[in-house]
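Got the viewer open? Take me on a selection-by-selection walk through this model, and tell me what turns up at each stop.

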Number of protein chains: 2
Amino acid sequence: MKILVIEDNLELAQNMTDYLQREGHVCELADNHHRAVNKLDAFSYDCLVLDIMLPDGNGLDILRYIKHEKIDSCVLIVSAKNALDDKVAGLELGADDYLTKPFHLSELNARLKALYRRKYTQGDKEIKFAEIFINIDTMETIVAGKPMELTRKEYALLVYFLTNKNRVLTRQSIAEHLWGDYADNLLNFDFVYQHVKNLRKKIIQAGGNDYIETVYGLGYKFNSNRS
Amino acid sequence: MKILVIEDNLELAQNMTDYLQREGHVCELADNHHRAVNKLDAFSYDCLVLDIMLPDGNGLDILRYIKHEKIDSCVLIVSAKNALDDKVAGLELGADDYLTKPFHLSELNARLKALYRRKYTQGDKEIKFAEIFINIDTMETIVAGKPMELTRKEYALLVYFLTNKNRVLTRQSIAEHLWGDYADNLLNFDFVYQHVKNLRKKIIQAGGNDYIETVYGLGYKFNSNRS
DNA sequence: GTAAATCTTCAAGGTTCCATCAAAAATAAA
DNA sequence: TTTATTTTTGATGGAACCTTGAAGATTTAC
């Protein structure tokens, strides 16, 4: 899951991004209104964590912007305990959930996962395809009845493939989705090759088909009609 | 899809053309007003990416020129964030979409695809003809119910034929459309012969008719009334 | 703090695609 | 019919692209 945290309190922000990254997400940070809008213009995110109180502009403005630009990320609002009005206003403006400070990071993570579920799996805890089952709650992956051990990158890659079946995913877009910002600094796509290789190997070892088709000159396609 | 990028910032321009080429498009570059107009006079493009701020003349002039000359390319404007006036003026002058810098290249590509869809397929994701279906989103080609594997050039050629049914396409125009600038370096049309041959073969193998009619001395015609 | 796991980088080898060459076939002109 | 021109086709070398293993760097888990 790719997340953008919009939060000006740098310590809290750092805690959040660190935690979420350790939980296996790709997590970026925007510490003011301006940077947030720039990022939203440029990248796509599965979820946004939005602090309503920002120094250079109200977080509600960002919500309006999201609505106006038809950005389809889930939005989780974070606000101070006493800022009830902002919370209500935020939900009315289309935010999907809220959390009042202070909160546990595990709570944040759980809520984000729930939002993700609602968006990509119709609330289901599992992404299913053929003999592959992914529990996005526990990050457990079952192939042909047996658990398959995946590293975080492999897991993220598989989820990205499964939520984009039968569509060519260019190496560029895979890089963006798995590495976020950092992808811009990369000269080649060696890691994409690597992780695709490892994922393929594990799926086949686990008894699945080689669903990941190479599309020469473009990227890969998770082909659901593959023997 | 054949694209002309009109952008004076050479680094950005290079990034854009590289990216778009990797995404499978034919992409040319004009780094100033003068060269842009020359290209527009000489060639045709599906889409233009136009930076509003050019050193030797405003990008808006190019828009006026496009309108005056009735050039039917889609136009996507690129402008600095604070150049809101230019953006509005651009849209009023007939640009089809805009993007403010900085933007992400995948966003650029997505917008261009959307413009292309609007222009050639009435917003539909599919180009259909007889037993041939092309999903321009996933780049999947289905003939007689079965997927047909095409290389990039073959794919581009087929799309070009299908968006110009029953019209004679000279080898010159095919070369320009599939190879852009690079076509100038080529001495003969051997490569056109080659790819037409391969495409014909694949369509027939896949169970389609030989729709590609040779027009002696001119080029080819995708003839929809062919046995 | 240390060992193990994971991720990234490097380099070699293999595959696919494509432009070119050359020869054969088809068409038009003489 | 002969000749010239155009088109088709097969073959080939080279370039771009993909895969893979292994080593080095970083991160994570204990």
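Start in chain B of this predicted model. Select helix 2 (residues 33–42) and helix 3 (residues 59–68) of chain B: their axes come within 11 Å and cross at roughly 15°. Angles under 35 degrees count as roughly parallel, so helix 2 of chain B and helix 3 of chain B earn that description. As for the handedness, helix 2 of chain B makes a right-handed crossing with helix 3 of chain B.

Now show the residues where the two helices meet. From helix 2 of chain B, pick B:His33, B:Ala36, B:Val37 and B:Leu40; their partners in helix 3 of chain B are B:Asp61, B:Ile62, B:Tyr65 and B:Ile66. Colour that contact by class and you get 6 nonpolar, 1 polar and 1 charged residues.

Next, bring chain A into view and look at where the chains touch. Here 13 residues of chain A are in contact with 14 residues of chain B. Which elements of chain A supply at least two residues each to the side that touches chain B? Select helix 2 (33–42), strand 10 (168–170) and helix 7 (171–179) of chain A: those are the ones. The class colouring on this side of chain A comes out as 4 nonpolar, 6 polar and 3 charged residues.

On to the DNA. Select DNA strand C and the 18 residues around it; A:Thr151, A:Lys153, B:Thr151, B:Asp190 and B:Phe191 come nearest. Helix 6 (152–162) and helix 8 (190–205) of chain A, along with helix 6 (152–162) and helix 8 (190–205) of chain B, each give two or more residues to this surface. By class, the surface near DNA strand C holds 7 nonpolar, 4 polar and 7 charged residues.

Switch to DNA strand D, which is surrounded by 18 residues. Zoom in on the closest: A:Tyr193, A:Lys197, A:Thr214, B:Tyr193 and B:Thr214. Helix 1 (10–22) and helix 8 of chain A, plus helix 8 of chain B, each bring at least two residues to the surface near DNA strand D. That surface splits into 6 nonpolar, 7 polar and 5 charged residues.

Finally, hide everything but chain A and pull back. You should find 8 helices and 12 strands in chain A. Its C-alpha trace spans about 55 × 35 × 30 Å along the principal axes. A compact globule of 227 residues would have a radius of gyration near 17 Å, and the 18 Å of chain A agrees with that.

Methods: Residues are numbered from 1 along each chain as its sequence is written. Chains are lettered from A and ligands numbered from 1 in the order in which they are written. This is a predicted model: local features need pLDDT of at least 70, side-chain atom pairs count only at pLDDT 80 or more; totals for chains, interfaces and linings use all residues. Axes are lines fitted to C-alpha atoms, for helices over the stretch in contact, and angles run from 0 to 180 degrees between N-to-C directions. Helices (H or I, at least four residues) and strands (E, at least two) are DSSP runs, numbered from the N terminus. Angles under 35 degrees count as roughly parallel, over 145 as roughly antiparallel, 65 to 115 as roughly perpendicular and the rest as oblique. A crossing is left-handed if the near helix is turned anticlockwise from the far one by less than a right angle, and right-handed if clockwise. Two residues are in contact if their C-beta atoms, placed from the backbone, lie within 7 Å. Ala, Val, Leu, Ile, Met, Phe, Trp, Tyr, Cys and Pro count as nonpolar, Asp, Glu, Lys and Arg as charged, and the others, Gly among them, as polar. A residue is near a molecule or strand if its C-beta atom, placed from the backbone, lies within 6 Å of it. The radius of gyration is taken over C-alpha atoms; the globule rule is 2.2 Å times the number of residues to the power 0.38.
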